[in-house]
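User: I am new to this structure and would like to understand how its parts fit together. Please take me through it by question and answer.

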Amino acid sequence: MIRVGILGATGYTALELIRILIRHSEVEIGALTTRQSGRPAASSVHPSLAGKLDLPLEDLSPEQVIERCDCVFSCLPHAASAEVVKVLVDAGRRVIDFSADYRLNDAEVYQTWYGETHPDPERLGRVPYGLPELFASQISQAPLVANPGCYPTAVVLALAPLLAARLIHREGIILDAKTGVSGAGRTPKMVTIFPECNESIMPYNVGQHRHTPEIDQLLGQLAGAPVQAIFTPHLAPMDRGILTTAYTLPVGDTTETAAADALRDFYAEQPFVTVVDTLPATKHVSGTNHCHLAVRKVRDRLLVFSCIDNLLKGASGAAVQNFNWMFGFPEATALI
Ligand SMILES: NC(=O)c1ccc[n+]([C@@H]2O[C@H](COP(=O)([O-])OP(=O)(O)OC[C@H]3O[C@@H](n4cnc5c(N)ncnc54)[C@H](OP(=O)(O)O)[C@@H]3O)[C@@H](O)[C@H]2O)c1
């Protein structure tokens, strides 16, 4: 039995994580943290847990978490996360970090996009990126895994095999992406208030979204040369889900069928990525750890569509997939 802790347990990703972990036969939840005082019951913070989990959320020090846990999931925001994660990893605990803190390889790039000096720069570049479809062998050995961003998960799963097989050009990639409002977390913000976002769809952070360097880093790694994609996210009036449409230039006469077959071959053994014949929709993967992909050729472009649930394959489901690899459990344990 692995004793696990969840930092930032009041948030949306933490709730999804708890829901998965309470059906994981090899897990015992030993710590749930919050900055709130008074040790609120998990079910008072997350009413859907009533009758399912009888634990308080506590304002614990890293040392108390170390005492109670073998593995820790950090659902904290960037910068706050690395401050704690470095203490946990130094003490020999295995950690899966949901924040962006360990995803980028370069502290200067982190500083540029996140506006903060990295709290643990020595570790950057040595932490596996938590996409088991691409990096399972590194993840299984790692003390610390950088759980991917939600948009990068959808984009990288769609394009990595095509770039690696040189079926599409690394230049001229345009990424049109939509997310549900839970992508912004539970902490209230002006744009996520109901009358602001309901019945409306809008682009945001155009040219400035923090997932841009993460997408470029991963696609560049797969392409073997730099990639600078045009990534434009949109806030869609739905609770959850991500749809990305990648507009790419095929190499030579790569056909729609050849590209779809390459994706199918690449993911043939993967339980959570499926190339569908229909066009994907967020509803088809909502509540699951699955990614649906599809390809269409339109004029001189190959369009690659990708759908995930941002809170599951884009966060907590992927984290448990990584946990299963790290501790040697079947990859799909507790996941649907
Ligand atoms: N939402 C998504 O779709 C998604 C997808 C992939 C990755 N992520 C990443 O996953 C992490 C959690 O996201 P989320 O959507 O669950 O966020 P959230 O709903 O806003 O929850 C984050 C939790 O962290 C705690 N917290 C906030 N600021 C803190 C600070 N300065 N120091 C310590 N604790 C703090 C808060 O708990 P208390 O106020 O109770 O202390 C809060 O409930 C973030 O790093 C996010 O970027 C999110």
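User: Is strand β9 largely enclosed by the rest of the structure or not, and how many of its residues are buried?

Analyst: In this predicted model, the strand β9 has seven residues. It is largely enclosed by the rest of the structure, because the number of its residues that are buried is five.

User: Which strands pair with β9, and in which sense?

Analyst: Six bridges connect β9 with β6, and A177 has T244 of β9 as its bridge partner. Seven bridges connect β9 with β12, where C307 is the bridge partner of L243. The partners are therefore β6 and β12, and the sense of both pairings is antiparallel.

User: Which strands stand at the edges of the open sheet of seven strands?

Analyst: The sheet has mixed pairing and follows the order β7-β8-β6-β9-β12-β11-β10. An edge strand has a single partner, so one of its sides is left without a neighbour in the sheet. The strands in that position are β7 (202-203) and β10.

User: Which residue of β12 stands opposite A294?

Analyst: Strand β11 (residues 291-298) runs antiparallel to strand β12 (residues 301-308), and seven bridges join them. Opposite A294 in β12 stands F305.

User: At about what angle to β9 does α7 run?

Analyst: Helix α7 lies across several strands, including β6 (174-179), β8 (230-235) and β9 (242-248). Strands β10, β11 and β12 are also among those it lies across. Relative to β9, α7 runs at about 45 degrees.

User: Where does the largest nonpolar core lie, and which element gives the largest share of it?

Analyst: This core has 97 residues, and I6 and L159 have the most contacts inside it. Both domain 1 (2-127) and domain 2 (150-310) give residues to the core, so it lies between them. The largest share, eleven residues, comes from α7.

User: Which residues is I6 in contact with, leaving aside its neighbours within four places in sequence?

Analyst: I6 is one of the residues with the most contacts inside the largest nonpolar core. Its contacts beyond those neighbours are A14, L17, I18, L32, F73 and C75.

User: Which residues of α6 are exposed on the face turned away from its buried side?

Analyst: The buried residues of helix α6 (residues 132-141) are P132, E133, L134 and I139. They cover an arc of only 130 degrees around the axis, which puts them on the same side of α6. What covers them includes β5 (144-146), α7 (150-164), β10 (273-275) and α12 (312-327). The face turned away from that buried side carries the exposed residues S137 and Q141.

How values were computed: Residues numbered from 1 in each chain as written. Predicted model: local features only at pLDDT ≥ 70, side-chain atom pairs only at ≥ 80, totals over all residues. Buried ≥ 20, exposed ≤ 12 C-beta atoms within 10 Å, placed from the backbone. Helix = DSSP H or I, 4+ residues; strand = E, 2+ residues; numbered from the N terminus. Arc of directions from axis to C-beta. Contact = placed C-beta atoms within 7 Å. Pairing = 2+ DSSP bridges. Axes fitted to C-alpha atoms, helices over the stretch in contact; angles between N-to-C directions. Core = buried A, V, L, I, M, F, W, Y, C linked by C-beta atoms within 7 Å. Domains from an automatic or database assignment.
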